[in-house]
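Trainee: I should like to go through this model and ask, for each term, on what grounds it is applied.
Mentor: Please proceed, and we shall set each value against its criterion.

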Amino acid sequence: MIDVRVLKKLCPTYSFLHLDTIDSTNEYLKSRLDLFEKTIVIAEGQTQGKGRNGRSFYSPKGCGIYMSLLIKPQNDPNTIFDLTGIAALSALKAIQTVYGITPSIKWLNDLMVQDQKIAGILCESLFFGNQMKAMILGIGINVHSFKKPLDIASIAASIEDFVSIKKPRSILIAKFLHSFDDYLAAPDKALEDYRKHLAYVNQKVYIHQQGQTLSGIVRGIDDHFHLLIENSQGQSESLVSAEISIRP
Ligand code: BTN
C-alpha cells in the first residue's frame, strides 16, 4: 500500500485521497470537481485506466503509481501541452533520482527504457461552455514487475524489470511532486531538460496523424512542447496532435 502519511509530510501543499481499486483516477476526479485544487487521487489499482488516443493503461493492483492531480486553470496559465511535457519530465527526474536509471521521453508523454514504455501521462481538460473548468493530470508509472497481458508484453515494462532497488512508491510520488513544482516555477529549465531527454532526435520516425502515416526526422521541440519535424521535403513542421513511432 502507498503510505499517504509519508506523502502528506513530504508534500504539504497537496491534498491526497487514497482509494483501493477504481475504474480510473482521471474519471473519478471528473466527478469530484468540488475537491480543492491540488488534490491528488491515488488508486492502488484501476480497472479501466485510460491512455492517450483512446488507449487503455494496464493498472494491476499494487504494482504502480496511478494518480491524478486536479488543477483549476484560473490559477494556472499552463496549457495541456506544457503540463503534459512538464509532468513527463518530472516523472523522469523522479525515476532517475530514486532508481538511478534515466528513461528517454517519447514525445510527448511516454517514458521509455530500452524501447519499452514504463510510464505515461494523460492530461484532460473539462469545459463548461467555452470556459475551461479544470484540468486533470493523470500519471501512470509501472513500478513493480507484473505479468503482462499479451497485447502489451513487448511494449510495456516496469522500473523493477531494469533495477533491483526496492523503494516505497510514496517516495517516488514525493520526488515527482517536488520536481513538478520546481519545473512549473522554471519553465525555461523544463524545456532545456526535456530537450536533453527527448528520444529519436535526428532519427527518422513515423508520424501517425488523423488516420495517415508520414515520415520525418525529429529535430526537437519548440517552446510550447510541440514536436519539430523535418518532413520529407526538408521543411520544418511543428506537430501538435500526432503520435510518433520508430516502426511504420
Ligand atoms: C498514456 O499511456 O497514453 C497515458 C497513460 C496515463 C495513465 C494514468 S494512470 C492514472 C490516470 N488515470 C487514468 O485512467 N489514466 C491516467
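Trainee: How far apart are the mean positions of the positive and negative charges of the protein chain?
Mentor: They are 5 Å apart, for 27 positive and 25 negative charges. Please bear in mind that this is a predicted model.

Trainee: How many helices and strands does the protein chain have, and what makes it as compact as a globular protein of that length?
Mentor: The chain has five helices and twelve strands. Its radius of gyration is 17 Å, and the globule rule gives 18 Å for 248 residues; the two values are close, so the chain is as compact as a globular protein of that length. The C-alpha trace spans about 55 × 45 × 30 Å along its principal axes.

Trainee: What share of the residues is buried, and what share of the accessible surface belongs to carbon and sulfur atoms?
Mentor: Buried residues account for 52% of the 248. The accessible surface comes to about 11,900 Å², and 51% of this belongs to carbon and sulfur atoms. As for contacts between residues at least 6 apart in sequence, 62% join residues at least 24 apart.

Trainee: Why is Lys106 called buried?
Mentor: The cut-off is under 20% relative accessible area. Lys106 has 11% relative accessibility, so it counts as buried. The residue is found in strand S4, residues 104–106.

Trainee: What makes the approach of the Lys106 side chain to Ile244 a polar contact?
Mentor: The side chain of Lys106 reaches the backbone oxygen of Ile244 at 3.1 Å, and the limit for a pair of N or O atoms is 3.5 Å. The pair therefore meets the distance criterion. Beyond its neighbours within four places in sequence, Lys106 is in contact with Met112, Ala199, Tyr200, Ile244 and Ser245.

Trainee: Is Ser245 buried or exposed, and how do you know?
Mentor: Its relative accessibility is 17%, and Ser245 therefore counts as buried. Ser245 lies in strand S12, residues 243–245. Its side chain joins that of His208 in a polar contact of 2.8 Å. Leaving aside neighbours within four places, the contacts of Ser245 are Lys106, Val205, Tyr206 and His208.

Trainee: Which term applies to Tyr200, buried or exposed, and why?
Mentor: Tyr200 has a relative accessible area of 11%, so it is buried. Tyr200 lies in the loop between H5 and strand S8. Its phi is near 70°, a positive value in a residue other than glycine.

Trainee: Why is Lys38 called partly exposed?
Mentor: Partly exposed is the class between under 20% and over 50%. With a relative accessible area of 27%, Lys38 falls between these limits and is therefore partly exposed. Lys38 also has a positive phi, of about 70°, although it is not a glycine. Its place is the loop between helix H2 and strand S2.

Trainee: What makes the peptide bond from Trp107 to Leu108 cis?
Mentor: Its omega is near 0°, and the bond is cis. Leu108 is placed in the loop between S4 and strand S5.

Trainee: Which residues of helix H5 are buried, and against which elements do they pack?
Mentor: In helix H5, residues 187–197, the buried residues are Ala190, Leu191, Asp193, Tyr194 and His197. These buried residues pack against helix H3, S4, helix H4 and strand S9.

How values were computed:
Residues numbered from 1 in each chain as written. Predicted model: local features only at pLDDT ≥ 70, side-chain atom pairs only at ≥ 80, totals over all residues. Heavy atoms only, no water. Helix = DSSP H or I, 4+ residues; strand = E, 2+ residues; numbered from the N terminus. Rg over C-alpha atoms; globule rule 2.2 N^0.38 Å. Buried < 20%, exposed > 50% of the residue type's maximum accessible area, 1.4 Å probe, protein only. Contact = heavy atoms within 4.5 Å. Areas by Shrake-Rupley, 256 points an atom, 1.4 Å probe, with all protein chains shown as cover. Lys, Arg positive; Asp, Glu negative; His and termini not counted. Charge placed at Lys NZ, Arg CZ, Asp CG, Glu CD. Polar contact = N/O pair within 3.5 Å; in protein donor to acceptor, adjacent residues only side chain to side chain.
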